[in-house]
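Student: I would like to learn how to read a model like this one. Could we go through it together, feature by feature?

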Amino acid sequence: MTGVQTCALPIYTKGIARKCFEELAGFKGLLQKQEDLKMALTHPLIPRSAKINIWEKVSKKLGVSEITSHFLKMLIDRNRLSYFEGIVAFIEDFIDQSQNLKRVDLRLAAPLGEEQETALKEKVKATLKLENVEFTTSYDESLIAGMVVSLGDRVFDGSLSGRLKSLQKQLLQ
């Protein structure tokens, strides 16, 4: 078991993973926006007691549950906050697996109409034989035309730029 899995174990064994995940994801977003807070909680010269006091004030303002507050306090106290982003990703993966949820990233060259996008998502679901899917759609003009579909570590590149790169590679061989 990795350090990330060991740290995440208390969250998902309590059966409250979804609520804790949402609170942890919220805190992750806060840390990304507030570099000063992240520095205060991770800097080696700041005493642990001061870090815990900071976290207690932040947790009260955020209104996080007792278990989430205790969990993060434990990470701070044991200097394991460096594992935090990995823990959040691990819990998200665990929840997705338990709900048989697949996350698909669609990168499109240009925005589609609502009907076209819905039809595309249905086609992707059918082609990949997926039932419980959550789509994230983004736009990337560098694709020129077409799309790139990502499911976990599998990537299906149906873009014009991908075709051109493939052709270039073949010609250079």
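**A hairpin and a ring cluster**

Tutor: Happily! Let us begin with a turn: in the hairpin of β3 and β4, two residues sit between the strands, and Gly-152 there takes a positive phi near 65 degrees. Keep in mind that this is a predicted model.

Student: Then where should I look for confidence, and which element has the lowest mean pLDDT and which the highest?

Tutor: Start with the whole chain, which averages a pLDDT of 87, with 90% of the residues scoring at least 70. Among the elements, helix α1 (residues 3–13) has the lowest mean, 51, while β3 has the highest, 94.

Student: Let us stay with β3, then. Which strands does β3 pair with, and in what sense?

Tutor: To read a strand's neighbours, follow its bridges. Strand β1 (residues 102–108) pairs with β3 in the antiparallel sense over five bridges. Strand β4 (residues 154–157) also runs antiparallel to β3, and four bridges join the two.

Student: Which residues could I click on to see this pairing?

Tutor: Try Val-149 in β3, which stands opposite Leu-106. For the pairing with β4, pick Ser-150, whose bridge partner is Val-155.

Student: How many residues of β3 are buried?

Tutor: Four of the five residues in β3 (residues 147–151) are buried, so the strand is mostly covered.

Student: Now the aromatic side chains. How do I describe a ring pair?

Tutor: Two values do the job: the distance of the centres and the angle of the planes. A search of this whole structure finds two aromatic pairs. In one of them, the rings of Phe-27 and Trp-55 have centres 4.8 Å apart and planes at 70 degrees, so the pair counts as edge-to-face.

Student: What does the pair of Phe-27 and Trp-55 tie together?

Tutor: Phe-27 lies in helix α2 (residues 17–33) and Trp-55 in helix α4 (residues 48–62), so the pair ties together parts that are 28 residues apart in sequence. Both Phe-27 and Trp-55 are buried.

Student: And what is the geometry of Phe-27 with Phe-84?

Tutor: Phe-27 and Phe-84 are also edge-to-face, with 5.5 Å from centre to centre and 75 degrees between the planes. Because Phe-27 lies in helix α2 and Phe-84 in helix α6 (residues 84–98), this pair ties together parts 57 residues apart in sequence.

Student: Are Phe-27 and Phe-84 buried or exposed?

Tutor: Both are buried. Put the ring pairs together and you have a cluster of Phe-27, Trp-55 and Phe-84.

Methods. Residues are numbered from 1 along each chain as its sequence is written. This is a predicted model: local features need pLDDT of at least 70, side-chain atom pairs count only at pLDDT 80 or more; totals for chains, interfaces and linings use all residues. Side-chain values use heavy atoms; hydrogens and water are left out. Buried means under 20% relative accessible area, exposed over 50%, partly exposed in between (1.4 Å probe, protein chains only). Two strands pair if DSSP finds at least two bridges between them. Rings of Phe, Tyr and Trp (its six-membered ring) pair if their centres lie within 6.5 Å; planes under 30 degrees apart count as stacked, over 60 as edge-to-face and the rest as tilted. pLDDT is the predictor's confidence in each residue, from 0 to 100.
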